[in-house]
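Trainee: I would like a close look at one strand and what pairs with it. Then please place that strand in the whole chain.

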Amino acid sequence: MSKSYKEMNEHEKMLAGLPYHAYRDGLPEMRMACKIRLRQFNTCPPEDLKEQDRLIREIMGSVGEHIEIFPPFYCDYGKNIHIGDGFFASYNCTMVDCGPIIIGDNTMIAANVTITAAGHPIHPEPRTQGYEYGIETVIGSRVWIGANVVVNPGVHIGDDVVIGSGSVVTKDIPSGVVAAGNPCRVLREVTEEDKKYYFKKRPFPEGSYMG
């Protein structure tokens, strides 16, 4: 039998997507432990790729093969982040993982991107009483997220999506589209014609991946 809200501790409420207080039941200690590991990762010698890989796997909940994250990287708990194979994140990526953040395979994230599963109530009274929430945020496989994008809590982005730089993603984005803007909206589908070009209307040179 599942626990009632009153029977849950604050960590359990957080993981259940319920309103909780972040300064009770060991949560500050969890965040501090993550900050210590992040400092080690962010100051690791750039040539020591094995140590960087070891540290990021220690920080996160689960990580696939062949991933690369450029320091600095920031998160709250780390253990609520789950990433597939072939992941890349550029400089200054922030994942506020008060709820689960789930990312598929071969997804690329440009510089200065924030992915947040955390939020606070609209009304000031519960907000000033310290309530917050974490809602699962999901990004699919083979997604490219441009620089300075913000992905809001609870958003689901499908597979094979391009999110234009500077976008604020407030709602779900379906698979196989290019989307951009504030708020982010679908501009068009990704088509077979796109396969011919590497940038706008510049075609791939002969002998490239197209053969």
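In which sense do strand β11 (residues 118–119) and β12 pair, parallel or antiparallel, and over how many bridges?

Mentor: Strands β11 and β12 pair in the antiparallel sense, over two bridges. Before going further, note that this is a predicted model: local features need pLDDT of at least 70, side-chain atom pairs count only at pLDDT 80 or more, and totals for chains, interfaces and linings use all residues. Residues are numbered from 1 along each chain as its sequence is written, and side-chain values use heavy atoms, with hydrogens and water left out.

Two terms come first. Strands are DSSP runs of E with at least two residues, and helices are runs of H or I with at least four, both numbered from the N terminus. Two strands pair if DSSP finds at least two bridges between them.

Now β12 itself. This strand covers residues 131–134. Ala-118 has Gly-134 of β12 as its bridge partner. Strand β1 (residues 20–21) also joins β12, again by two bridges and again antiparallel. There, His-21 has Tyr-131 as its bridge partner.

The two faces of β12 differ in cover. Glu-132 and Gly-134 make up the covered face. Tyr-131 and Tyr-133 make up the uncovered one. In general, side chains in a regular strand alternate between the two faces of the sheet. So the bridge residue facing Ala-118, Gly-134, belongs to the covered face. Tyr-131, the partner of His-21, belongs to the uncovered face.

Next, the setting. The protein has four helices and 22 strands. Five of the strands form an open sheet in the order β4-β7-β10-β15-β18, with parallel pairing. Strands β4 (73–75) and β18 (168–169) stand at the edges, and each has a single partner strand, so one side of each is left without a neighbour in the sheet. Inside the sheet, β7 (residues 93–96) and β10 (residues 114–116) pair in parallel over three bridges. Met-95 faces Ile-115 of β10 in that pair.

Another open sheet also has five strands, in the order β2-β5-β8-β13-β16, and its pairing is parallel. Its edges are β2 (62–63) and β16 (156–157), each pairing on one side only. Strand β5 (residues 81–83) is joined to β8 (residues 101–103) by three parallel bridges. Ile-83 has Ile-103 of β8 as its bridge partner.

For antiparallel pairing elsewhere, turn to β19 (residues 177–180) and β20 (residues 185–189), which are joined over four bridges. Val-177 stands opposite Glu-189 in β20. Four residues lie between the strands of this hairpin, and Gly-181 takes a positive phi near 115°.

The loops leading into β7 and β10 deserve a look too. Ser-90 sits between β6 (88–89) and β7. Ala-110 sits between β9 (108–109) and β10. Buried means under 20% relative accessible area, exposed means over 50%, and partly exposed lies in between (1.4 Å probe, protein chains only). Ser-90 counts as buried because its relative accessibility is 10%. Ala-110 is buried too, with 19%.

These two residues touch, where contact means heavy atoms within 4.5 Å. Leaving out residues up to four places away in sequence, Ser-90 touches Phe-70, Ile-109, Ala-110 and Ala-111. On that same basis, Ala-110 touches Ser-90, Ile-145, Gly-146 and Ala-147. By contrast, Ala-110 and Tyr-23 are 32 Å apart, C-alpha to C-alpha, with their positions 87 residues apart in sequence.

One helix residue rounds this out. Ile-36 is found in α2 (residues 27–42). Its relative accessible area of 47% makes Ile-36 partly exposed. Ile-36 and Ile-59 are 23 residues apart in sequence and 9.8 Å apart in space, C-alpha to C-alpha.

Finally, the whole protein. The C-alpha trace spans about 65 × 40 × 35 Å along its principal axes. Of the 211 residues, 36% count as buried. Among contacts between residues at least 6 apart in sequence, 24% join residues at least 24 apart.
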